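Trainee: Could you walk me through one part of this protein slowly? I would like a close look at a single region and what surrounds it.

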Amino acid sequence: MEQFDVIIIGAGAAGLFCAAQAGQRGRRVLLLDNGKKPGRKILMSGGGRCNFTNLYTEPAAYLSHNPHFCKSALARYTQWDFIDLVNRHGIAWHEKTLGQLFCDDSAQQIVDLLLAECDKGNVSLRLRSEVLSVERDDGGYTLQLNGSTVQAEKLVIASGGLSMPGLGASPFGYKIAEQFGLSVFPTRAALVPFTLHKPLLEQLQTLSGVALETTIDAQDGTRFKEAMLFTHRGLSGPAVLQISSYWLPGEFVTIDLSPATPLDAFLTAQREAHPNLSLKNSLAKILPKRLVEVLQALKVVPDITLKQLNSKQQTELVQTLHAWRIQPNGTEGYRTAEVTLGGVDTTQLSSKTMEARAVPGLYFIGEVADVTGWLGGYNFQWAWSSAWACAQAL
């Protein structure tokens, strides 16, 4: 039976980084993953360019039943620390919008960085390794793998959530938590597109591919101002992905289709300047033309000229376009979700070390824990920060 100081399950962002950090601190580390290659989700992220952190990372950008939990790790290993590591590896990067940092070239560079750091720490990486059972005794943890048995004093679960099952996502980490008596909050897909009910979906399907800047509000008052995209199944784009983390089935979302232009003043000015212009063509100056045509077909936009538009019609139109209420049918689910909401109850973990308080030597890092960031590099930063905090304690 092979002996290690630490076994880490899951060679994603958190697992790779934790393994590298622990290995460089002199720990004998075995990193296991059930896939053919490490960092599969990293390679897919950011359109293949990996949105590896966010300049504006702060605890307020994270959802958790225990909102204070993420503060310690985020403060001790910050976005600036990871940016420094990226720079040391000579990886060129750029800021897109809202503090989101991407590789200039490819997400493979971040995986290569993590593997190089693991090599520096003499980490043993074993792929296609299925963990059949985990047992704990006074000596630590014994794992039965497909073909071997390994043992370590400490065990780190970095197996991620349920999002993107095609990349090997599974409930493994939650099952281990429950096996050792830890509670797990119900999970659901987050940062995920909305699907729509049939009549509305059929009416909006011709808009597939149309995008526009919006402000979107959830029923709890949470608001995001980003782009929205119409799809053949419903609504997507950054604004929708963001608000999906705050939406519950049955609830409405409210969308401002013209957040940059107050429509009442715009229409009044347009009427004075071009009274004979159709309302449709006037609105098409600030909204996508295809959207205005669909809104006209839905009887939201009257088929009249500006001088025919009376004050009651204008008030109703302005209210509708600035606060378009939609009740999603659901979401696209884990298949396309970027992350998983819920997970291991963090009140049972040390915010300093990520160790289970009641189970010495057992740690949970990254997405498996009940900490979910906004879209835009926040979840990667949680992976780096939680992994670093854990590695210091191994």
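Mentor: Happy to; let us look at the stretch that a UniProt record marks as a domain, and at what borders it.

This is a predicted model, where local features need pLDDT of at least 70, side-chain atom pairs count only at pLDDT 80 or more, and totals for chains, interfaces and linings use all residues. Residues are numbered from 1 along each chain as its sequence is written, and side-chain values use heavy atoms, leaving out hydrogens and water.

For residues 188-339, an unreviewed UniProt entry lists "domain: RsdA/BaiN/AoA(So)-like insert"; such positions follow the numbering used here, feature names are shortened, and annotations may be inferred rather than shown by experiment. The end C-alpha atoms of this span lie 9 Å apart, and 34% of the span is helix and 22% strand. Helices (H or I, at least four residues) and strands (E, at least two) are DSSP runs, numbered from the N terminus.

Now look at helix α11, residues 289-297. Its Leu 291, Val 292, Val 294, Leu 295 and Gln 296 are buried, meaning under 20% relative accessible area with a 1.4 Å probe, protein chains only. The cover over these buried residues includes α7, β13, β14, α10 and α12, with contact meaning heavy atoms within 4.5 Å. After α11 comes Lys 299, which has a positive phi near 70 degrees.

Finally, strand β19 covers residues 339-344, and six of its six residues are buried, so β19 is largely enclosed by the rest of the structure. Strand β11 (residues 184-190) runs antiparallel to β19, joined by five bridges; two strands pair if DSSP finds at least two bridges between them. Here Ala 189 stands opposite Thr 340.

Terms used
Buried means under 20% relative accessible area, exposed over 50%, partly exposed in between (1.4 Å probe, protein chains only).
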